[in-house]
Amino acid sequence: MNKILFAITTLFLTGISFSQQEDPNMMRMYEVYTYIDRMYVDDVPNKEISEAAIISMLEKLDPHSTYIPAEEVEQANERINGSFVGVGIRFNILKDTLLVVNPIPGGPSEKLGVRAGDKIIKVDDELVAGVGLKNSGVRERLLGEKGSKVKITILRGKEETIEYTITRDNIPVHSVVSAYMVDDRVGYIKLTNFSRTTQEEVNSAIKTLKKAGMKDLIFDLQGNGGGLLYAAKYVADEFLSDDKLIVYSEGRSQPRSVLVADKKGDFEKGRLVMLIDESSASASEILSGAIQDWDRGLVVGRRSFGKGLVQRPIELSDGAQLRLTIARYYTPSGRFIQKPYEDKQAYRNDYMERYLHGEMMHRDSINLPDSLIHKTLMKDRDVYGGGGIMPDVFVPLDTLEYSDFYRDLSRSGVINTFTLEYANKNRKAIKNKHKNITSFKNNFEVDQEFLDEFFDYAVEQDSSLTFVQEDFDISGDLLKIRLKAMVAQNLWDYEAFYQIFNVKNEIFMEAYKTLKSGTYEKMNLMEN
């Protein structure tokens, strides 16, 4: 009997699954497997049909219960674990060449002397330049077990080749990608996901900003799709005083579980603004919901994704993993914010439906029945459940600077590739002139010479990209800021990108305005 049938039989015999008497449907599935195995005309592709059966079962449950094959588990868990094992470089494939954008600080490549701008031409004596290498191929060659070694040959400049033998090690995947002072009072933290290292990263960022004089904090969760439930609890605990409920969850087989603030946080006092948008989900909604329910801060942006289901990772015998929905979670005021998912197609198309319905532009387009109203716990303000977290201050999607020409440039990818080449070509000159991000931000100019070089490059890469003066009049300022931010990102890191590009982020700018214009005080959110 093949392994699949053996596993199913074992489940029946041990009582882990349903017995024939308890659920005839499970016996029917076992029978189908048996007949296929005994009678099918060709060799049975057991792995393929078992995975197809698992995926189909999960699809009948909810959109967030998923199956991860064994060979994909490690990569899927990188962001949750907050690290991976590799050589420690941020790379890009440019003109069929593997380019080191930045060695990761403290990683094995940086310690050996690998530099930004180096071109990797061989890995373990295998030529990787000019052979059509893809991102997946880079991962296959450079990732591996901790302590294992890999030899790379790099081209530095036009002629110098250098060989490095790198010992793979744990490489951090940071969830705080930017933390800086907006002015002498307002700090900013950008959090991209919730991982096992998030608590330490957020705590460190808050401490650093407070030393720099931070009194108010803008905490950015835009595009943050979530992660670990406990990581959201730890971050909320930085802002909420002891014994305040953060989140509770319960399910058919899961007893009610309660998470509360139980330690002294580093920013329990001070004005706090949370930024969310339509891609802020799960743990982001737990955090912003708790802050809103306790009237601890202001939530600014657009309605969040609407994911109120908790998944538990379950390791399977072959190394694969289930992420099975086991409970629903609720905000402190009792809000359940999961959007409906009975219609799976509508669930997948929710972004487009929101846009077409006008929700991205007008708060009034969002249907919020009175049955979804809850009250905040300190100020008795109205907040809403069902389908995400509704912000206290709604910010419409700003499309005034989006011309057809700008969209074409963005979709073609030439902005990314040009700024990478420009930064690599001019790295030494720019860094000699601008010793840090602040100097670059304040003094580097995207002038006409820069723009001419960019537009010539764009047309060379894609002849359909024709310069349109009327469109440039609409989008020129946005394009220049984005080009400058991308050059900065390639010279330093994401920290630099957000410092420059946030002036074009309408949600960030509205949040800053609420702190400077008195809106925060008018919302009756001063110290409780």
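Student: Is helix H18 mostly covered or mostly exposed?
Tutor: Mostly covered. This is a predicted model, and in it six of the eight residues of H18 (residues 494-501) are buried.

Student: Which ones are buried in H18?
Tutor: Ala496, Phe497, Tyr498, Gln499, Ile500 and Phe501.

Student: And what do the buried residues of H18 pack against?
Tutor: Two strands and two helices. The strands are S10 (176-181) and S11 (186-191). The helices are H15 (437-443) and H17.

Student: Let's stay with H17. At what angle do H16 and H17 pack?
Tutor: About 95 degrees, with the axes 12 Å apart. H16 covers residues 448-461, and H17 covers residues 469-491. The two helices are therefore roughly perpendicular to each other.

Student: Which residues meet there?
Tutor: From H16, Phe450, Leu451, Phe454 and Phe455. From H17, Phe472, Leu479, Lys480, Leu483 and Val487.

Student: How does that contact split by class?
Tutor: Eight nonpolar residues, one charged and no polar.

Student: What's behind the spacing in a helix, in general?
Tutor: An α-helix has 3.6 residues a turn, so residues three or four places apart point the same way.

Student: New topic. Where is Ser249?
Tutor: In strand S13, which spans residues 245-250.

Student: Buried or exposed, that Ser249?
Tutor: Buried. Its relative accessible area is 11%, and the cut-off for buried is under 20%.

Student: What is Ser249 in contact with, leaving aside neighbours within four places in sequence?
Tutor: Pro255, Arg256 and Ser257, for a start. Ser249 also contacts Val310, Ala327, Arg328 and Tyr329.

Notes: Residues numbered from 1 in each chain as written. Predicted model: local features only at pLDDT ≥ 70, side-chain atom pairs only at ≥ 80, totals over all residues. Heavy atoms only, no water. Axes fitted to C-alpha atoms, helices over the stretch in contact; angles between N-to-C directions. Helix = DSSP H or I, 4+ residues; strand = E, 2+ residues; numbered from the N terminus. Parallel < 35°, antiparallel > 145°, perpendicular 65-115°, else oblique. Contact = heavy atoms within 4.5 Å. Nonpolar A, V, L, I, M, F, W, Y, C, P; charged D, E, K, R; others polar. Buried < 20%, exposed > 50% of the residue type's maximum accessible area, 1.4 Å probe, protein only.
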